[in-house]
Amino acid sequence: MTDYDTVSADVEEEEEIPEDHPRYQDLLTRHRIEEGVEKGITHLQGMHAEGRGSAFDYLLGEETIPTAEEAERAAAAHLLLADRPVLSINGNVAALVPGEMVDLAEAVDADLEVNLFNRTPERMEAIADHLRDHGAEDVKGLEADARIPNLDHQRAKVDEDGIYAADVVLVPLEDGDRAEALDEMGKTEIVVDLNPLSRSPQVADVPIVDNIIRAIPNVTAHARDLADADDDRLRGIVEEFDPDRALEAAEKRIRNGL
Ligand code: ATP
């Protein structure tokens with residue numbers, strides 16, 4: 001029998017967290033964020049963001065609700081239909097799902113671009129290296145030769161042949177201002193965010209209200225499942241998805257447990 005009380009949040013190695021622990025996903029997420037901060041990948045602010053996410057996930061029952069599953073399938077269809085899909089990586093995303101983002105990029109033939117709220121050359125390099133350690137070949141974001149309009153200088157920096165030129169962008173755990181600015185550029189936006197009331201999922205074409213550690217592998221699984229689907233079928237999946245209904249269902253689940 002596992003003595004759960006002895007599992008503290010400050011485990012040294014991920015493997016020490018028992019998979020049957022009732023709060024396994026939360027402990028795993030916290031552990032990865034702490035490691036990210038220690039490695040210089042994640043900003044301290046990222047810990048606060050994680051804390052907010054953790055509270056919402058608790059209320060969602062730490063499971064992928066049916067409308068999130070639909071969103072994950074619609075996200076896969078959008079990414080497969082895209083001409084220039086880009087997956088945006090910040091410090092929390094790099095700490096939580098580096099290998100999973102690399103897998104998704106491969107499954108939908110997308111670029112990976114590092115895009116930070118608190119941008120420093122050291123963190124940009126550390127994240128790019130971390131992604132390369134997880135199998136990424138080409139990592140964008142370091143050039144920063146274009147700007148997103150209507151955003152302050154630091155947060156506006158993107159690669160001209162990356163997010164700037166993308167038609168479909170996956171922006172997990174994104175800051176609301178940047179999500180709005182990308183929306184204004186006319187991009188199809190896929191957002192992963194556990195808070196359905198946050199601005200980022202509200203402006204998204206596809207809001208995925210789910211923990212990123214579940215969401216990204218699910219999008220990849222849907223993309224692999226749909227790899228041979230023709231464009232009509234993919235467009236059908238995209239059109240069937242209703243973002244307002246997905247946000248409402250997530251809020252209902254969080255508020256009422258329904
Ligand atoms: P706004 O988007 O309105 O600016 P905010 O300031 O709360 O809201 P940020 O701190 O910019 O948002 O982004 C963090 C968001 O990411 C939060 O909404 C939080 O719930 C969400 N989040 C944190 N951890 C995870 C996770 N593991 N999976 C999915 N979402 C997460």
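By class, how many nonpolar, polar and charged residues does the lining of the second largest pocket have? Keep that question in mind while we walk through this predicted model; we will begin with the ligand and come back to the second largest pocket at the end.

Let's start at the ligand itself. It is surrounded by 18 residues, and the closest of them are Arg52, Asp193, Ser198, Asn211 and Ile212. If you sort this shell by residue class, you will find 6 nonpolar, 6 polar and 6 charged residues. Two helices are worth colouring here: helix H2 (44–60) and helix H9 (199–203) each supply at least two residues of the shell around the ligand. H2 provides the largest share of that shell, with 5 residues.

Now zoom in on some individual polar atoms. In glutamate 50, a polar side-chain atom lies 3.2 Å from a nitrogen atom of the ligand. The backbone takes part in the picture too. A polar backbone atom of isoleucine 212 is 2.9 Å from a nitrogen atom of the ligand, while glycine 176 places a backbone N or O atom 3.4 Å from an oxygen atom of the ligand. As for how covered the ligand is, it exposes 630 Å² when taken alone, and the protein buries 84% of that area.

Step back a little, and the surroundings of the ligand can be viewed as a pocket. The space that the ligand takes is the largest pocket, and this pocket has a volume of about 720 Å³. Its lining is made up of 32 residues, with Ala49, Arg52, Leu173, Glu174 and Asp175 lying nearest the centre. The elements that give two or more residues to this lining are H2, helix H4 (91–96) and helix H8 (176–184). H2 gives the most to the lining of the largest pocket, at 8 residues, just as H2 gives the largest share of the shell around the ligand. By class, the lining of the largest pocket divides into 8 nonpolar, 16 polar and 8 charged residues.

That brings us back to the second largest pocket, which holds about 190 Å³ of space. To find it, select the residues that line it: Val102, Ala105, Glu106, Asp109, Ala110, Asp111, Leu112, Gly135, Ala136, Glu137 and Asp138. Helix H5 (98–108) and strand E2 (111–114) are the elements that give two or more residues to this lining, and H5 gives the most, with 3 residues. Here, then, is the reply to our opening question: the lining of the second largest pocket has 5 nonpolar, 1 polar and 5 charged residues.

Key:
Residues numbered from 1 in each chain as written. Predicted model: local features only at pLDDT ≥ 70, side-chain atom pairs only at ≥ 80, totals over all residues. Heavy atoms only, no water. Near = heavy atom within 4 Å. Polar contact = N/O pair within 3.5 Å; in protein donor to acceptor, adjacent residues only side chain to side chain. Areas by Shrake-Rupley, 256 points an atom, 1.4 Å probe, with all protein chains shown as cover. 1 Å grid on protein atoms, 1.4 Å probe; cavity = no way out; pocket = protein on both sides within 12 Å on 5 of 7 lines; lining within 4 Å. Sits in = over half its atoms within 2 Å of the grid points. Helix = DSSP H or I, 4+ residues; strand = E, 2+ residues; numbered from the N terminus. Nonpolar A, V, L, I, M, F, W, Y, C, P; charged D, E, K, R; others polar. Points joined across faces, edges and corners; volume = space filled by probe spheres on them.
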